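Please open the model in your viewer and keep the sequence panel beside it, since the stops below are given by residue number. The tour moves between helix pairs and sheets, with a look at the whole chain on the way.

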Amino acid sequence: MAEKKPFYITTPIYYPSAKLHIGHAYCTTIADAIARFKRLAGYDVFFLTGSDEHGLKIQQKAEEAGVKPIEYTDKIVASFQNLWKRLNISNDDFIRTTQERHVKVVQEIFRRIYAKGDIYKGKYTGLYCTPCESYWTEHQLDENGCCPDCHRPVQPVSEEAYFFKMSKYQDRVLQYIEEHPDFIQPVSRRNEMINFIKQGLDDLCISRTSFNWGIPVPTDEKHVIYVWFDALTNYLTPIGFLDDPEKFQKYWPADLHLVGKEIVRFHSIIWPCILMALDLPLPKKVYGHGWLIVDGDKMSKSKGNVVDPNLLIDEFGPDAIRYFLLREINLGQDGNFSRDALIQRINSDLANDLGNLLHRTLNMTLKFQDGVVIAPQGESDVDRSLKADAAETVTFFAENMEKMELSRTIKKVWAFIARANKYIDETAPWALAKDPAKKQELANVMYNLLESLRLISVMVTPFMPVTGERIWKQLGLTQPFAEVQLTDIETWGGTPAGIHVGQPEQLFPRIEVEKEEQSAQQPKAPKQGKKEKAEKPAKKEAAAPGQITFEDFNKIQLRVVKVLEAELVPKTDKLMKLTVDLGGEKRQIVSGIAQHYKPEELIGKNVVMVINLKPAKLRGVVSQGMLLAASSGEDLKVLSVDMPVGSEVH
């Protein structure tokens, strides 16, 4: 058996904050989905997360609380570890920068770089941002004279310090970034880093004497090592930098550092300089994901819009939260978290689409075949169509997860879920069951639905690990789910004949919006035991004539689509038929824009479309949606946006 290819993925080690928020869950969930996919694909994965616990800010917070810094961080780190457990994060290690194993690594790295002549003692006089633990020069401050990262005031600092000769490596780092275009992603972050380096790199202050909460400089213990020199080297500690050369050789260089966009600079400039001074290879990729915005606004304690992920898990469950974060946000861009949007996704995607497909399929198998899977014989055109869609989806899943296109992949999988639901309507198993002569045809239909769900259970697992396994078990499959690999779904027909399916269990209960409105001002506690009968909701105030309610508007799903083909509808002056790409799914729409555009003018445009409009026929041509356009008098313009295909329009 061939040895598995190693894959080393890290999240940033989180700075202990007294309040957990949904942003912490977002980055780690992305990394977990990637790690789970890589394991499915046969990689030997090492997934690291952890906590960055040193620095002036922690010491000050501990003093305010009247406890020692380690006591302060112990409590908060435990809350991180508990959240990862609740979200089913599959990390292989959790590094704490206060652990003795890490202290030894940091001090040894300091010794090696100092012996090389790349660390020297001097005096730092300049500006320091305590919240970011960052040094700045006057020309780097924002327009208000504040920290360019967090935009809070900086303080003048003057003290003896050790410096790392980062300027020595400026040209080498710039050359490396320019010669390795995939090293920093997305491209916008790469361009920012190139511009930053070209402004000139100063030597980096790497020690402090004004506080003592940190790792002592090994040759001068009145100094503690500056937090970023300490924090970044955490990626070397768990993979045996000092004590396990074989393990270190296996996993270094890291395949992926997944970080927030605000710390890309530390990971793609400072960290490479340190590694060059150590004569170690650089990580293969640094990916800066965007921020999570809440209802259109950045999270802030002062604004009172910090979302506690634990309360969300209590109410909706971990898989629903994971699904929403990974589906709704395109990796690399800022994304919006909205409770209303979360509930809509749970109801439409998880309860209606996935839950309904599983429930209907199992119920019909139990009703029509006593729960026994019967081997298929022969196939119809609609069977072949379903199988072709399944094969295309599995291929898309493998290729796009490899490219970390998480949102696009989820949407493609859900397009196949919709296709399987449509297959039920096309084949009408309830009608086949009434005709004894069509027993085998019915068996074929039920087999194809069960096999579709087998593939779906595996493809949803990186995003929703509990749900994937629950589907697998309800299908009655005997292969241990933990042993399933991507190769197991590359070929159609893996559901064994003769097995018995299980009883259907509800995956995601539908959430009643009316009840949500009544309790929106207070978080719900998790329900226990038997559900009590809900009180009848109060009668809602009717909308005024000409108005629609928020619930009415919220039913409209708008998405950015790309026009692939365009042609005039025969025997009409106004109608044009368009084929559009929704992000892994193609649709046909008919629009009355032919007097304003030539077909070739629309091809390649990213436009906005209503995707959940009931299909209609216009002059005999089926239209599966509506294009948005603006008009003034005789002038009309299709709404075109500079956003990726598949983006939600809110």
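At what angle do helix α13 (residues 381-402) and helix α14 (residues 406-427) pack, and how far apart are their axes? Select both helices in this predicted model: the angle between them is about 170 degrees, and their axes lie 9 Å apart. That angle makes α13 roughly antiparallel to α14. To see what fills the contact, show the side chains of V382, D383, S385, L386, D389, A390, E392, T393, F396, F397, N400 and M401 on α13, and those of L406, R408, T409, K412, V413, F416, R419, A420, Y423, E426 and T427 on α14. Coloured by class, the residues of this contact divide into eleven nonpolar, five polar and seven charged.

Keep α14 selected and add helix α16 (residues 439-459), which packs against α14 at an angle of about 170 degrees with the axes 11 Å apart. The two helices, α14 and α16, are therefore roughly antiparallel to each other. On the α14 side the contact is made by V413, F416, I417, A420, Y423, I424 and T427, and on the α16 side by N444, V445, N448, L449, S452, I456 and M459. How many charged residues does the contact of α14 with α16 have? There are no charged residues in it, the classes being ten nonpolar and four polar. V413 is worth centring on, as it belongs to the contact of α14 with α13 and also to the contact of α14 with α16.

Next, select helix α5 (residues 170-179) together with helix α6 (residues 187-198), whose axes are 10 Å apart and which pack at an angle of about 155 degrees. That makes α5 roughly antiparallel to α6, and the crossing of the two is left-handed. The contact draws on Q170, V173, L174, I177 and E178 of α5, and on R190, I194, I197 and K198 of α6. By class, these residues divide into five nonpolar, one polar and three charged.

Now turn to the sheets, beginning with the open one of four strands, which runs in the order β5-β4-β6-β8 with antiparallel pairing. Its edge strands are β5 (134-136) and β8 (204-205), each of which pairs on one side only. Within this sheet, strand β4 (residues 119-129) and β5 pair in the antiparallel sense over three bridges; to find a point of registry, select L127, whose bridge partner in β5 is W136.

A further open sheet has three strands in the order β9-β11-β10, and its pairing is also antiparallel. Why is one side of β9 (207-208) and one side of β10 (216-217) left without a neighbour in the sheet? Both stand at the edges, each with a single partner strand, so one side of each has no neighbouring strand there. The pairing of β9 with strand β11 (residues 220-225) is antiparallel and comprises two bridges, and selecting S207 shows it opposite I225 in β11.

Finally, zoom out to the whole chain, whose secondary structure comes to 20 helices and 26 strands. The radius of gyration is 28 Å, close to the 26 Å that the globule rule gives for 650 residues, so the chain is as compact as a globular protein of that length. Along its principal axes, the C-alpha trace spans about 90 × 65 × 55 Å.

Notes: Residues are numbered from 1 along each chain as its sequence is written. This is a predicted model: local features need pLDDT of at least 70, side-chain atom pairs count only at pLDDT 80 or more; totals for chains, interfaces and linings use all residues. Side-chain values use heavy atoms; hydrogens and water are left out. Two strands pair if DSSP finds at least two bridges between them. Axes are lines fitted to C-alpha atoms, for helices over the stretch in contact, and angles run from 0 to 180 degrees between N-to-C directions. Angles under 35 degrees count as roughly parallel, over 145 as roughly antiparallel, 65 to 115 as roughly perpendicular and the rest as oblique. A crossing is left-handed if the near helix is turned anticlockwise from the far one by less than a right angle, and right-handed if clockwise. Contact means heavy atoms within 4.5 Å. Ala, Val, Leu, Ile, Met, Phe, Trp, Tyr, Cys and Pro count as nonpolar, Asp, Glu, Lys and Arg as charged, and the others, Gly among them, as polar. The radius of gyration is taken over C-alpha atoms; the globule rule is 2.2 Å times the number of residues to the power 0.38.
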